[in-house]
Amino acid sequence: MNWPRPVRVVGVGSPLGDDGLAWEVVRKLRERQNVRKEIEVYMVEGGQRILDLLDGQGTLLLVDAVAAGARPGTIHRFQWPDQCVEALRPGSTHDLRPAEALRLAAALGIAPTRVVVFGIEVERLDLQPGLSQSVMAAIPELVRRLVEELEGSPIIKEKSSELAREEQ
């Protein structure tokens, strides 16, 4: 598996409703001991903020709310470009949807070499504080899958090999 550097994990969301799931995933990911310094981790509000982090290089692991009509709490994973990206959280007149931001990044020549999208099917996208039970229950599994994906990257394997050599 080819993992162009830098590797960035970006959670897109807002502090309200199930749209906040990506921020919770990023928070939990940051708490894990096995996420290396070589992996950049960000939380952004609104798809247009993704553009601020892109430079046409590397790997982007994007985390967002998904509204595809599946059972709430369902975990999704797909590579971009893919029509499934359209199921990411809806935008508004005030910000771009992540799908629009990725298309714009491609047009501007700043899209990363590799984009993998992770999401959880939402139960609600209202402005109430807190996450729904179905989304909250799926977050630990999504974090586990992200860590598994990151640990499978050459960056983590290289770093592990370097640490093993240093300890000898």
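## Helix 3 and its neighbours

Which strands and which helix do the buried residues of helix 3 pack against? In this predicted model, they pack against strand 1 (7–12), strand 3 (59–66), strand 4 (75–80) and strand 5, along with helix 2 (48–51).

The buried residues in helix 3, which covers residues 98–108, are Pro-98, Ala-99, Ala-101, Leu-102 and Ala-105. They sit on the same side of helix 3, because they cover an arc of only 165° around the axis. Flip to the other side of helix 3 and you'll find Ala-107 and Leu-108, both exposed. Right after helix 3 comes Gly-109, which has a positive phi near 80°.

## The overall layout

Let's step back to the whole chain. The protein chain has 5 helices and 5 strands. Follow the sequence along and the pattern is β-α-β-α-β-β-α-β-α-α.

The protein chain has 168 residues, and 48% of them count as buried. Its exposed area is about 8,400 Å², with 50% of that supplied by carbon and sulfur atoms. Now take the contacts in the protein chain with a separation of 6 or more: 76% of them are between residues 24 or more positions apart.

## Two nonpolar cores

The largest nonpolar core holds 27 residues, and the ones touching the most other members are Val-9, Leu-21, Leu-61, Val-63, Ile-120, Ile-139 and Leu-150. At least two residues of this core come from each of strand 1, helix 1 (21–31), strand 2 (39–44), strand 3, strand 5 and helix 4. Helix 4 gives the most to this core, with 8 residues.

Leu-21 is a good one to look up in the model. Setting aside residues up to four places away in sequence, Leu-21 touches Val-63, Asp-64, Ala-65, Ile-120, Val-122, Leu-131, Val-135 and Ile-139. There's also a second, separate core, made of 17 residues, and Leu-51, Leu-60, Leu-102 and Ala-111 are among them. Leu-102 is also one of the buried residues of helix 3.

## Around the start of helix 4

Is Ser-134, a residue of helix 4, buried or exposed? Its relative accessible area is 18%, so Ser-134 counts as buried. The side chain of Ser-134 makes a polar contact of 2.6 Å with the side chain of Glu-123. Glu-123 turns up again in the wider list of contacts: leaving out neighbours within four places in sequence, Ser-134 is in contact with Pro-72, Gly-73 and Glu-123.

Leu-125 belongs to the loop between strand 5 (114–121) and helix 4 (133–151). With a relative accessibility of 38%, Leu-125 is partly exposed. Along the chain, Leu-125 and Leu-16 are 109 residues apart, while their C-alpha atoms are separated by 8.1 Å.

## How confident is the prediction?

What pLDDT does the protein chain average? The average is 82, and 79% of the residues score at least 70. Among the elements, strand 1 has the highest mean pLDDT, at 94, and helix 5 (residues 154–167) has the lowest, at 42.

Over residues 155–168, pLDDT stays under 50. The model has 14 contacts beyond four places in sequence for residues 155–168.

Definitions and conventions:
Residues numbered from 1 in each chain as written. Heavy atoms only, no water. Helix = DSSP H or I, 4+ residues; strand = E, 2+ residues; numbered from the N terminus. Buried < 20%, exposed > 50% of the residue type's maximum accessible area, 1.4 Å probe, protein only. Contact = heavy atoms within 4.5 Å. Areas by Shrake-Rupley, 256 points an atom, 1.4 Å probe, with all protein chains shown as cover. Polar contact = N/O pair within 3.5 Å; in protein donor to acceptor, adjacent residues only side chain to side chain. Arc of directions from axis to C-beta. Core = buried A, V, L, I, M, F, W, Y, C linked by side-chain atoms within 4.5 Å. pLDDT = per-residue confidence, 0-100.
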